[in-house]
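Got your viewer open? Load the model, switch to cartoon, and let's take a walk through it.

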Amino acid sequence: MQPFDILKVRFQVATRSERVGYGRAIYSALKNVVKKEGPSGLWRGIVPNIIGNSSGWATYFYFYTTFKDVVHSQQRNNASITPSQYLLCASTAGSISAMVTNPFYVIKTRMYTSSYKNNDAYRGLFDGLSKIVRSEGVLGLWKGTLLALGTVVNSALQFTIYEEMKKTRFAVRGSQPCANDKLPNWEYTALSGSSKLLALATTYPYQVVRSRLQNSTEFENIRHCVKESYKREGIKAFYRGLGINAIRILPGTCVTFVIYENLIWIIKEASFRKQD
């Protein structure tokens, strides 16, 4: 999915006036990248992307599961967690994850939107870290952090929708999500994909603004970026790359949730067996 991630970011940061030459069709856009930068251009920035995504998911799931277990332990009569409580757990975990991983996404965005041929281009993760610190200070690594917290809204919505849909499925089956009962993997796939699409469609504009702020110094702040983007392109500006992003993110999201649900089930099953 790395090539699609690059296209998504380049579509997001490119305004109509810039005319960067990337066509709307995915095939045409991929072809243009290879023509201008070679096959390696499709994999530029893969290291910070992998580190950012893996550390982000790990941090998120750790804190989300921890907070959810704490809330559940405080429920009276073993009552179910409410949607607002799911939202709180997901929001808190997302805030921590966004703060931890923001430097990786700043570097990734800038590597995605530049070419190896540029003299000032980042050559890798550590090269990017050193150049940002030298030219912008340590705080430059957290540029766009406020918008990065927009991922909290996205993830919180996704997890709340997902948990409620999952709860409904267990209710239809006449059971509760416990150690000896689980949904088929295809249902986890369908639920995670559907919840992600709903959350993505609701919160996507912040991603465009975040990428544009992280990529250049053209925009002074969030307000200026939103105003100028709308002035140049209209409302469509805030949905640039949405289709490519959906194609890029859905497979990974579904696989991650299926693995997560199965690991949680295995751990709980092992715990119950030890108690017996």
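How many helices and how many strands are there in the chain? Colour by secondary structure and count: you should get 10 helices and 0 strands. Bear in mind that this is a predicted model. Followed along the sequence, the pattern reads α-α-α-α-α-α-α-α-α-α.

**Whole chain**

Stay zoomed out for a moment and turn on the surface. The accessible surface comes to about 14400 Å², and carbon and sulfur atoms hold 63% of that. Of the 276 residues in the chain, 47% count as buried. If you like contact maps, here's one to keep in mind: among contacts with a separation of 6 or more, 72% are between residues 24 or more positions apart.

**Select residues 46-73**

This is helix α3. Try the distance tool on its end C-alpha atoms: they are 40 Å apart. With 28 residues at 1.5 Å a residue, the helix should span 40 Å, so the expected and modelled spans agree.

Now show side chains. Which residues in α3 are buried? Pick out P48, N49, G52 and G56 first, then carry on through T59, Y60, F61, Y64, T65, K68 and V71. While you look at the spacing, remember that an α-helix has 3.6 residues a turn, so residues three or four places apart point the same way.

**Add residues 83-112**

That brings in helix α4. For a packed pair, the things to look at are the angle between the axes and the distance between them. Here the axes of α3 and α4 come within 8 Å and cross at roughly 170°. Angles over 145 degrees count as roughly antiparallel, so α3 is roughly antiparallel to α4. Colour the contact between α3 and α4 by residue class and you'll find 17 nonpolar, 11 polar and 2 charged residues.

**Jump to E136**

Go to helix α5, residues 125-136, and click on E136. Its relative accessibility is 35%, so E136 counts as partly exposed. What does E136 touch, leaving aside its neighbours within four places in sequence? Show R110 and K143: E136 is in contact with both.

**Last stop: V208**

Select helix α8, residues 185-215, and find V208 in it. Is V208 buried or exposed? At 1% relative accessibility, V208 counts as buried. Finish by drawing a C-alpha to C-alpha distance from V208 to G241: you'll get 8.5 Å, for two residues that sit 33 residues apart in sequence.

How values were computed
Residues numbered from 1 in each chain as written. Predicted model: local features only at pLDDT ≥ 70, side-chain atom pairs only at ≥ 80, totals over all residues. Heavy atoms only, no water. Helix = DSSP H or I, 4+ residues; strand = E, 2+ residues; numbered from the N terminus. Expected span 1.5 Å × (residues − 1). Buried < 20%, exposed > 50% of the residue type's maximum accessible area, 1.4 Å probe, protein only. Axes fitted to C-alpha atoms, helices over the stretch in contact; angles between N-to-C directions. Parallel < 35°, antiparallel > 145°, perpendicular 65-115°, else oblique. Nonpolar A, V, L, I, M, F, W, Y, C, P; charged D, E, K, R; others polar. Contact = heavy atoms within 4.5 Å. Areas by Shrake-Rupley, 256 points an atom, 1.4 Å probe, with all protein chains shown as cover.
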